[in-house]
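Visitor: Hello! I am new here, and I would love to be walked through what is on the screen.
Guide: Gladly. Let us bring it up and begin with your questions.
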Amino acid sequence: MNPALLMWRAASFLVAAGFVGLWQLVANLKLVSPVFLPGPDRAWASLVRGFTSGDLLAKTIGTLEHMAYGWLLASIVGIALGAMIGSSKAMRSYVAPSLEFLRPLPVSAIIPVAIALFGLTQGMALFVIAFGAIWPMLLATVHGFAAVEPRLYEVARSLHMSRLAVIFKIALPSASPDIISGMRLSLTVALILAVVCEILAGLDGLGYWVLLSARAFRSADLFAGVILLGAIGYVTAQAMSMVEQRLLRWRTSGH
Amino acid sequence: MSGERWKAAALPVALLVALEIGARASGIQSDALAPPSAVAVALAEAFADGSIIGATRDTLASAFAGLLLGGAVGLALGIALGIFQPFDRLMEVTIEALRPIPSIALLPIALIALGFGYRMEIVIVAFACVWPILILSRAAVRSIEPRLIEVSRALKLSPGDRVRKIIVPAALPRIFLAFRLAAGIALIVAVTVEIAINPIGLGASIMTAQQALRPDLMLAYLVWIGLIGYALNAGLVVAQKHLFGPAALAGEAR
């Protein structure tokens, strides 16, 4: 990184620190009632206390687990279904319009149906998160398969490759950028739905924890939880784009 | 073309018929499923007694108010960040720190600060809508043909005029796209807030139907929410084509 860029970065951190300072000032002067707005010092103290003596770590792991299971299930099912639909022209013309029709459905509307089916359980959360997270990946896979360079399919035909070989050797690699950006989008959806399910079903996780903190007017704990949720969102998105760069390196280096 | 249409309709129609026959033949009482005909009846009843219309109004009002609020903030910030490069660089860490906070995590904060009702929902929707509009309008402003900016300089336009007469018109197609995406997000967030906690609108109605063990009414609300989501998106796509021509849709990121 060149020095000028580093300077800007440092200045940018200073600006962010300035905002935190402003927040502290507002809290210290009690411009907003401390019941609603704890200072950053109190939120930080609550964060440290939660991790050293409390069960904040367990709650964080709980939320991460809900997110990860649902997202993994959605990835597997979404890519498999997408490959099945995308690799056949007939399937595409029969199924793809229904998928496009379902896409703008606010996925959280499925929650009451899931509660009626599974009750307020972990299974309900898994179903809802997987259902919500599947759409970006499913549609990206279908679209990625449809957008494969047609000449590659001709080559596969002249080589007498089986359908499975075509999927794994041609279509999946060619559709991988679409699929991975779908997976990144799904991560955000999975986090949001994990929080909603925890709030509704009282499952062990940060979502329920922030709700309980709010009900008890423990605002420092509440802000600590929100900061942690932001951190989860940030870290998972960063991790995903690192994976993306690694997996797709062959595309930029080749050709 | 009509052949394609038939193929598109085949799957949903087959599913509906199978559901209807299955539900009638087995005759099981379920808390989660109902025959499609019963769902249609429940939907018609909800329209007849006006409950679904009121709930739709509440949800759409909160979603649009949040969209306007968040959109105005996001657009102002996005244009400012797009024009002044140093400002953009200075705000980078702050924005990257706030953006990944899932909007729904603000729910408990909004709840204790504002209580149940419209205001709390609007604030959460606005927070969710700021980011896509900020990011996309910033990119739209940056991608404006540099010669246009030079022209505005040569004409010695004031900064206000430059934004009004050059930058906003040039970036408008992509800004509209940002609003279209944000409108979808606004509806999703509004329904989610209602399902999670806020006792107004479609989300609260569908939860009430579930708790009252009325699967027909619950599924009727689900279908209706889906239709609204579809109509909102389709309407905005048509508006986008109409206002900016098909070229506006071509370069869109999926």
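Visitor: Does A:Asp221 count as buried or exposed?
Guide: A word on the ground rules: this is a predicted model, where local features need pLDDT of at least 70, side-chain atom pairs count only at pLDDT 80 or more, and totals for chains, interfaces and linings use all residues. Residues are numbered from 1 along each chain as its sequence is written, chains are lettered from A and ligands numbered from 1 in the order in which they are written, and side-chain values use heavy atoms, with hydrogens and water left out. Buried means under 20% relative accessible area, exposed over 50%, and partly exposed in between (1.4 Å probe, protein chains only). With 10% relative accessibility, A:Asp221 therefore counts as buried.

Visitor: Which side chain meets A:Asp221 in a salt bridge?
Guide: A salt bridge is a side-chain nitrogen of Lys or Arg within 4 Å of a carboxyl oxygen of Asp or Glu. Here the N to O distance is 2.6 Å. The partner is partly exposed, at a relative accessible area of 35%. It is A:Arg218.

Visitor: Which residues are linked with A:Asp55 in a network of salt bridges?
Guide: One pairing joins A:Asp55 to A:Lys59, with the closest N and O atoms 3.9 Å apart. A:Asp55 is partly exposed at 41% relative accessible area, whereas A:Lys59 is buried at 13%. The residues linked with A:Asp55 in the network are A:Lys59 and A:Asp204.

Visitor: How many salt bridges does the structure hold over all chains?
Guide: Another example in chain A is the pair A:Arg103 and A:Glu100, at 3.3 Å from N to O. Both ends are partly exposed, A:Arg103 with 44% relative accessible area and A:Glu100 with 37%. Over all chains, the number of salt bridges is 15.

Visitor: Which residue of chain A forms a salt bridge with B:Glu92?
Guide: Across the interface of chain A and chain B, the rule finds one salt bridge. Its closest N and O atoms are 2.8 Å apart. The partner of B:Glu92 is A:Arg9.

Visitor: What area do chain A and chain B bury between them?
Guide: The size of an interface is often given as the accessible area lost when the parts come together. Buried area is that loss (1.4 Å probe), summed over both parts. The contact (heavy atoms within 4.5 Å) takes 49 residues from chain A and 48 residues from chain B. Carbon and sulfur atoms carry 79% of the buried area, which comes to about 4,400 Å².

Visitor: What is the radius of gyration of chain A?
Guide: Chain A has 11 helices and zero strands (DSSP runs numbered from the N terminus: helices are H or I of at least four residues, strands E of at least two). The globule rule, 2.2 Å times the number of residues to the power 0.38, gives 18 Å for its 255 residues, and the chain is well over that, so it is more spread out than a compact globule. Its C-alpha atoms fill a box of roughly 75 × 60 × 30 Å along the principal axes. The radius of gyration, taken over C-alpha atoms, is 23 Å.

Visitor: How many helices are there in chain B?
Guide: Chain B has zero strands. Its C-alpha atoms fill a box of roughly 75 × 55 × 30 Å along the principal axes, and buried residues make up 46% of its 254 residues. The number of helices is 11.

Visitor: Which helix gives the largest share of the nonpolar patch?
Guide: Patches are made of residues with over 30% relative accessible area and no salt bridge, with like charges joined within 9 Å and nonpolar side chains (Val, Leu, Ile, Met, Phe, Trp, Tyr) within 5 Å. This one covers about 630 Å² (Shrake-Rupley method, 1.4 Å probe; for residues, only the protein chains shown count as cover), and its members include A:Tyr69, A:Val77 and A:Leu126. A:Val77 is partly exposed at 34% relative accessibility. Six residues of the patch come from helix 3 (residues 56-86) of chain A.

Visitor: How far apart in space are A:Leu138 and A:Ile76?
Guide: A:Leu138 lies in helix 6 (residues 122-146) of chain A and counts as buried, at 4% relative accessibility. Beyond its neighbours within four places in sequence, A:Leu138 is in contact with residues including A:Gly78 and A:Leu99. A:Leu138 and A:Ile76 are 62 residues apart in sequence, and their C-alpha to C-alpha distance is 9.7 Å.

Methods
Buried area = accessible area lost by both parts, 1.4 Å probe.
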